[in-house]
Amino acid sequence: MTTEVKPKAGLEDVVAAASAICYLDGERGVLAYFGYDIHDLARGASFEEVCHLLWHGRLPNRAELGDLQSQLAAARPLGEPILRLMKQLPASDGMDMLRTLTSALGQYDPEAGDNSAQANQRKAIRVTAQMGSIVATYGRMQAGGGPIAPDPALGHAANFLYMLTGNRPNALSTRAFDIALVLHADHELNASTFAARVAAATLTDLYSATVAAIGTLKGPLHGGANAEVMRLLIEIGQDAPGDRVDDAIRAKLARKIKIPGFGHRVYRTEDPRATHLRRMSRELGERAGNTRWFEMSQRIETLVKGEKKLNPNVDFYSASTYYTLGIPIDLFTPIFAVSRVSGWTAHCLEQYANNRLIRPRTDYIGPQYPQTFLTVDQR
Ligand SMILES: CC(C)(COP(=O)(O)OP(=O)(O)OC[C@H]1O[C@@H](n2cnc3c(N)ncnc32)[C@H](O)[C@@H]1OP(=O)(O)O)[C@@H](O)C(=O)NCCC(=O)NCCS
């Protein structure tokens, strides 16, 4: 069969699913989860409240929030086999580690193969809780420390920083990290969420769909961009004078090298998440007595806006925000996953609830059919 319909490169503007989860208006720079504006959520909601919103379609009351917090806390400790496996894996990329260990989580979950809505709700909580513990513990071990047991009294953001560093974080760091988790939780049909939905639509299990999403998030055109931003800032050097920053960026643009953290498939205006991350990058820098990364980022933003008319996306200021929080670069993209798993699982729950296999077509551009077949000795 030949199809007359020419595909849009990268499926740009193609509507591929109906979803109640995320409202995105790229022209006006609006992002909302179940109708709640991201600015309101960033100002007033915790990551746990957002998880409840994404999984149930409504914000929790006090009792429901307490219940979810308890369930997350109960699920946070990592089993001995997962810790053992983490120690055995070769030191590699944080996303490779997360992909392998999330896959292993599925093998140790007795409910992994139960695709009922109730079991999937429980697994969404478990995989979200445990991915936070995995990334924090991995970061701690990479820095030469031993694993730290989660503290059930701490929320998801504070607990992550505690398991990573061994120190209870102050209120500013905790809130900044919590906001970062809120901002990254969902983003409509981004590449990794699409991957998760495609996997879920085959009726595979929730862990397998999550692993598909992790592998997709890893790429530098998607979640990998935040680490690339920080490598760029470091490559230029925090002591570089302003004109050297400009020269470095101009040289890249002249060579058609993309500047990580800029541009977006959907937003034609400022990414509303960048607004909060820019402010947090500045506030954390001021608190730490080093605003150099923030200032350099701002200078790059002005230049790229001027030269290319491109706005910063969620990844640009998250780089200096995380770095100032003392988080190693290798964890930047895994942290994106620690938050986005809430959105991936919400989309999978929605997909399972009203499923049809996702199976598009290609526009065939190969050799003319039919080709004359010759056996291997005739060729
Ligand atoms: C996000 C992104 C993948 C969107 O891609 P897209 O919608 O396919 O847009 P394209 O890659 O086709 O870019 C369109 C044009 O803008 C330019 N452009 C896009 N992002 C750019 C960037 N970050 N730096 C410099 N130029 C960029 C492209 O070179 C292209 O220019 P051309 O038409 O002269 O060839 C793209 O902007 C990008 O690669 N950004 C950097 C990586 C990043 O930050 N990813 C995280 C996204 S949240």
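Two strands are said to pair if DSSP finds at least two bridges between them, and it is in this sense that strands are described in the following account of a predicted model. Within the strand pairing of this model, Leu24 stands opposite Leu31 of β2. The two strands concerned, β1 and β2, are joined in the antiparallel sense over four bridges, and together they form a hairpin in which four residues lie between the strands. One residue of this turn, Gly29, has a positive phi of about 70 degrees.

The hairpin belongs to an open sheet of three strands, arranged in the order β1-β2-β3 with antiparallel pairing. Its edge strands are β1, which covers residues 22-25, and β3, which covers residues 36-37, and each of these pairs on one side only. Strand β2, made up of residues 30-33, is also antiparallel to β3, to which it is joined by two bridges; Tyr33 has Tyr36 in β3 as its bridge partner.

Considered as a whole, the protein chain contains 16 helices in addition to its three strands. The C-alpha trace spans about 70 × 55 × 45 Å along its principal axes. The radius of gyration of the protein chain is 22 Å, which agrees with a compact globule, because a globule of 379 residues would be expected to have a value near 21 Å. Of the 379 residues in the chain, 44% are buried. Among the contacts with a separation of 6 or more, 76% are made between residues that are 24 or more positions apart.

The largest nonpolar core comprises 93 residues, of which Val50, Leu54, Leu98, Val135, Val182, Ala196 and Ala319 touch the most other members. Helix α16, which extends over residues 332-353, gives the most to this core, contributing 10 residues. The surroundings of Leu98 can be described individually: when residues up to four places away in sequence are not counted, Leu98 touches Met131, Ile134, Val135, Ile214, Pro334 and Ala337. Val135 thus appears both as a contact of Leu98 and in the group of core residues that touch the most other members.

A ligand is also present in the model, and 17 residues surround this ligand, the closest being Ala225, Lys258, Phe262, Gly263 and Arg265. By residue class, the shell around the ligand divides into seven nonpolar, six polar and four charged residues.

Definitions and conventions. Residues numbered from 1 in each chain as written. Predicted model: local features only at pLDDT ≥ 70, side-chain atom pairs only at ≥ 80, totals over all residues. Near = placed C-beta within 6 Å. Nonpolar A, V, L, I, M, F, W, Y, C, P; charged D, E, K, R; others polar. Rg over C-alpha atoms; globule rule 2.2 N^0.38 Å. Buried ≥ 20, exposed ≤ 12 C-beta atoms within 10 Å, placed from the backbone. Contact = placed C-beta atoms within 7 Å. Core = buried A, V, L, I, M, F, W, Y, C linked by C-beta atoms within 7 Å.
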